[in-house]
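Here are some notes to keep beside you while you look through this one. They start with a term you will need and then go from the whole chain to its parts.

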Amino acid sequence: MTEALGPGAVARLLGVAPTTLRSWDRRYGIGPRERSPGGHRRYAPADVARLRALCHLVGEGVPAAEAALRILATAPAVPEPRAEATGPGTRPTDALPTAVREHTPTLQGLTRAAMRMDSDLVEHLLQAAVERHGTVAAWENLAMPLLYGMGRRWEDTRRYVEVEHLLSWSVSSVLRRVPAPATVPRVRARPVVLACVPHEAHSLPVEALAAALREAGLPHRVLGPCTPTDATVRTVGRIGPRAVVLWCHTSGEQDTETLVATARATVSAPERTALYTAGPGWRGTGDALRLADGHLGSLAESVRTLSG
C-alpha cells in the first residue's frame with residue numbers, strides 16, 4: 001500500500017467503524033496527517049500503521065487513551081503495514097454477541113480481532129494466555145466461549161462463517177504449538193489414544209485435549225477427525241494404550257457400533273485399557289454408555305482423569 005486512503009477504505013482495512021476513526025482522531029490525535037485538496041481526510045501508510053498499532057493494543061485490553069499515549073510516544077518506531085486487500089467490510093462492534101461484550105477485556109479483544117479477520121492478533125493473544133495461564137484455562141475461558149459465540153452468531157444470522165473458519169484455524173495453530181515439558185521422564189507411560197467417531201469432523205476439542213496432555217508431559221496418540229472404527233480398534237491392539245477417548249460432537253447412527261467395537265478391543269487388550277467417551281454427541285445413546293469407564297466433561301476434568 002503506497003497511496004493515501006480515504007476514511008472508508010481505512011475503516012474496512014482495520015475492521016472498525018468510520019465513526020471510531022473520527023473519534024480516535026478527535027480525542028487522541030491518532031489520525032491522518034494530510035488532507036486532500038478538497039479538505040478530505042487522507043491516510044498515509046504511516047497513519048494506517050499507527051491505527052493498526054492502536055487496534056492491536058486495544059485488542060489486548062489496553063484502554064484506548066493509554067494505547068494512544070503509547071503510540072504517540074513511539075510513533076517513529078511504528079513499522080510499515082503489510083499490503084492487504086480492502087474489500088467490503090462490516091462493523092465488528094455491531095456484530096459482537098452480547099455475552100461476549102460482557103466478558104473480559106482479553107475476550108473482547110479476541111472477538112474484535114477475529115471480526116477484523118486479524119489472525120495474527122488472535123494467535124498472539126491466545127498464545128500469551130496459554131503461556132501465562134496454561135492450555136486448560138486458555139481453552140475454557142477464552143477459546144471455547146469465543147468459538148461458541150461465533151457459532152451462535154452464525155446460527156442467528158447465517159453470516160460471518162469466514163470469521164468462524166479463520167478463528168478455528170488460529171486456535172488450532174496455537175494448540176499445535178503448545179510445548180512439552182523440558183524434562184521427559186525416562187520411563188514412558190503407556191499413551192492415551194484420542195479418536196473421533198467415524199462421522200465426526202469437529203475435532204478442535206480433541207486438539208485442545210492433546211495440547212493439554214502434551215503440556216502435562218503425558219504421552220498420547222491422536223487419530224484425528226472422522227476416524228474409522230477399525231482404525232481405532234487396530235490402534236488399541238497395536239500399542240496397548242492405557243486409555244482411549246472417543247470424541248463425538250454430533251450424534252450419528254453408528255456411534256453405538258463404534259463404542260461397542262472399541263469396548264471389545266479394550267477388554268481383549270493385553271493390559272488394562274480404560275475407555276472414555278467425550279463430547280455432547282453421546283447424549284441419548286442410552287445403555288451403550290455403560291460400556292465406557294466414564295464420560296469426560298470439561299477439559300480440566302479430562303486432564304485430571306487421564307493424569308490419574
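1. First, a word that comes up a lot: a residue is called buried when its relative accessible area is under 20%, exposed when it is over 50%, and partly exposed in between. With that in hand, look at helix α11, where Leu 204, Pro 205, Val 206, Glu 207, Ala 208, Leu 209, Ala 210, Ala 211, Ala 212 and Leu 213 are buried. Do keep in mind that this is a predicted model.

2. Now the overall picture. The chain has 308 residues, and 47% of them count as buried. Its secondary structure comes to 14 helices and 7 strands. If you take the contacts between residues at least 6 apart in sequence, 69% of them link residues at least 24 apart.

3. Back to α11, as it is worth a second look. Of its 12 residues, 10 are buried, so the helix is mostly covered. What do those buried residues pack against? They meet α9, α10, β3, β4 (220-224), β5 and α14. From first C-alpha to last, α11 reaches 16 Å, close to the 16 Å expected at 1.5 Å a residue. Just after the helix, Gly 217 has a positive phi of about 75 degrees.

4. Helix α8 (residues 119-133) is another one to follow. It has 15 residues and reaches 21 Å between its first and last C-alpha, close to the 21 Å expected. Its buried residues are Leu 121, Val 122, Glu 123, Leu 125, Leu 126, Gln 127, Ala 129 and Val 130. A general point helps when reading that list: an α-helix has 3.6 residues a turn, so residues three or four places apart point the same way. The buried residues of α8 pack against α3 (45-59), α7 (105-115), α9, α10 and α11. Right after α8 comes Gly 134, with a positive phi of about 100 degrees.

5. Next, the strands. Why is β6 (residues 274-278) described as largely enclosed by the rest of the structure? Because 5 of its 5 residues are buried. Ala 274, Tyr 276 and Ala 278 point one way from the strand, while Leu 275 and Thr 277 point the other way. That fits a general pattern: in a regular strand the side chains alternate between the two faces of the sheet. β6 runs parallel to β5, and 5 bridges join the two. One pairing to find on screen is Val 244 with its bridge partner in β6, Leu 275.

6. Staying with β5, have a look at Ala 243, which lies in that strand. Its relative accessibility is 3%, so Ala 243 counts as buried. Leu 275 is 32 residues away along the chain, yet the C-alpha atoms of Ala 243 and Leu 275 are separated by 5.7 Å. Leaving out residues up to four places away in sequence, Ala 243 touches Pro 191, Val 192, Val 193, Thr 273, Ala 274, Tyr 276 and Leu 306.

7. On to the empty spaces. The largest pocket holds about 1,100 Å³ of space. It has 39 lining residues, and the closest to its centre are Trp 139, His 202, Pro 205, Trp 247 and His 249. Which helix gives the most to this lining? That is α9, with 9 residues. Among the other elements that supply at least two are β3 (192-196), α11 (204-215), β5 (243-247) and α14 (299-307). By class, the lining has 20 nonpolar, 12 polar and 7 charged residues.

8. There is also 1 cavity of 30 Å³ or more, with about 70 Å³ of space. Its lining includes Leu 126, Val 130, Trp 139, Ala 143 and Val 171. α8, α9 and α10 each supply at least two of the lining residues, and α9 gives the most, with 4. The cavity lining splits into 8 nonpolar, 1 polar and no charged residues.

9. Finally, two backbone spots to check. Met 117, in the loop between α7 and α8, has a positive phi of about 60 degrees although it is not a glycine. Arg 158, in the loop between α9 and α10, is not a glycine either and has a positive phi of about 55 degrees. Met 117 is partly exposed, at 40%, and Arg 158 counts as exposed, at 53%.

Definitions and conventions. Residues numbered from 1 in each chain as written. Predicted model: local features only at pLDDT ≥ 70, side-chain atom pairs only at ≥ 80, totals over all residues. Heavy atoms only, no water. 1 Å grid on protein atoms, 1.4 Å probe; cavity = no way out; pocket = protein on both sides within 12 Å on 5 of 7 lines; lining within 4 Å. Points joined across faces, edges and corners; volume = space filled by probe spheres on them. Nonpolar A, V, L, I, M, F, W, Y, C, P; charged D, E, K, R; others polar. Expected span 1.5 Å × (residues − 1). Buried < 20%, exposed > 50% of the residue type's maximum accessible area, 1.4 Å probe, protein only. Contact = heavy atoms within 4.5 Å. Pairing = 2+ DSSP bridges.
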